[in-house]
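Biologist: Could you take a close look at one part of this chain for me, the stretch towards its C-terminal end? I'd like to hear how that part sits against everything else.

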Amino acid sequence: QVQLVESGGGLVQAGGSLRLSCAASGRTFSTYAMGWFRQAPGKEREFVAAIRWSVGSTYYADSVKGRFTISGDNAKNTVYLQMNDLKPEDTASYYCATSPRAYGTRSAYSNDGSYNYWGQGTQVTVSS
């Protein structure tokens, strides 16, 4: 089992920034990537960003590219999401997840079926 704890959410005005953190603990030895997803009320969960530990590759949804940056520390099993120039449409609960997938394309890592453990989520609210 892997436990994930997200933090860093909050209320921010449009144009502002937030930094989310996610720490994984437990049986993390089979984690080869970590990702961030989000879900707004009444909408389906959507991919935000992912990082593959072995080569440091990062993947982003088109809607956040250029504004969000995913980074992390593999040794500490911690992943971050720096969110800049936030927009009201970024309002959602943000979830981090671990993936046992060692290889794959952006398409693979943007699919929530590639992830096996999920955090409880942290709320991000962007006011206009």
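Modeller: Here is a walk through that stretch, with a bit of the overall fold first and a few loops afterwards.

Keep in mind that this is a predicted model. The chain has 1 helix and 11 strands, and along the sequence they come in the order β-β-β-β-β-β-β-β-β-α-β-β. So the part you asked about takes in the helix and the strands on either side of it in that pattern. As for overall dimensions, the C-alpha trace spans about 40 × 25 × 25 Å along its principal axes. The radius of gyration is 14 Å, which agrees with the value near 14 Å for a compact globule of 128 residues. Of those 128 residues, 44% count as buried. Take the contacts between residues at least 6 apart in sequence: 57% of them join residues at least 24 apart. Your stretch gives several examples of such contacts, as you'll see.

Let's start in strand β9, residues 92-99, where Thr98 has its place. Thr98 is buried, because its relative accessible area is 0%, and under 20% is what counts as buried. Setting aside neighbours within four places in sequence, Thr98 is in contact with Val2 and Leu4, with Thr31, Ala33 and Met34, and with Ser114, Tyr115, Asn116 and Tyr117.

That last partner, Tyr117, belongs to strand β10. Tyr117 is partly exposed, at 25% relative accessibility. Its contacts beyond four places in sequence are Gln1, Val2, Leu4, Cys96, Ala97 and Thr98. Gln1 is worth a second look here: Tyr117 and Gln1 are 116 residues apart along the chain, yet their C-alpha atoms are separated by 8.0 Å. Val2 and Leu4 appear in the contact list of Thr98 and again in that of Tyr117.

Go a little further along and you reach Gly119, in the loop between β10 and β11 (122-127). Gly119 counts as buried, with 10% relative accessibility. Leaving out residues up to four places away, Gly119 touches Leu4, Glu6, Tyr95 and Cys96. For a sense of distance, the C-alpha atoms of Gly119 and Arg19, 100 residues apart along the chain, are separated by 16 Å.

Now step back to the loop between α1 (106-109) and β10 (117-118), which is where Asp112 sits. Asp112 counts as partly exposed, at 30% relative accessibility. Not counting neighbours within four places, its contacts are Phe37, Arg45 and Trp118. Asp112 and Val2 are 110 residues apart in sequence, and 16 Å separates their C-alpha atoms. Val2 itself is among the contacts of Tyr117.

Val2 also leads to another part of the chain, through Thr28, in the loop between β3 (18-26) and β4 (33-39). Thr28 counts as buried at 13% relative accessibility, and it touches Val2 and Asn77, residues up to four places away not counted.

Asn77 is in the loop between β7 (68-73) and β8 (78-83), and it counts as buried at 15% relative accessibility. Its backbone deserves a glance: phi is near 50°, a positive value in a residue other than glycine. Most residues other than glycine have a negative phi. Asp85, in the loop between β8 and β9, also has phi near 50°. At 40% relative accessibility, Asp85 counts as partly exposed, whereas Asn77 counts as buried.

What about the core? The largest nonpolar core has 36 residues, and the members touching the most others are Trp36, Val48, Phe68, Ile70, Leu81, Met83 and Tyr94. Its largest share, 5 residues, comes from strand β5 (residues 46-52). One of those well-connected members, Phe68, is in contact with Arg38, Val48, Tyr60, Leu81, Gln82, Met83, Asn84, Leu86, Asp90 and Tyr94, its neighbours within four places left aside.

Finally, the outside and the charges. The accessible surface comes to about 6,400 Å², with 46% of it belonging to carbon and sulfur atoms. There are 12 positive and 9 negative side chains, and the centres of the two sets lie 6 Å apart.

Conventions
Residues numbered from 1 in each chain as written. Predicted model: local features only at pLDDT ≥ 70, side-chain atom pairs only at ≥ 80, totals over all residues. Heavy atoms only, no water. Helix = DSSP H or I, 4+ residues; strand = E, 2+ residues; numbered from the N terminus. Rg over C-alpha atoms; globule rule 2.2 N^0.38 Å. Buried < 20%, exposed > 50% of the residue type's maximum accessible area, 1.4 Å probe, protein only. Contact = heavy atoms within 4.5 Å. Areas by Shrake-Rupley, 256 points an atom, 1.4 Å probe, with all protein chains shown as cover. Lys, Arg positive; Asp, Glu negative; His and termini not counted. Charge placed at Lys NZ, Arg CZ, Asp CG, Glu CD. Core = buried A, V, L, I, M, F, W, Y, C linked by side-chain atoms within 4.5 Å.
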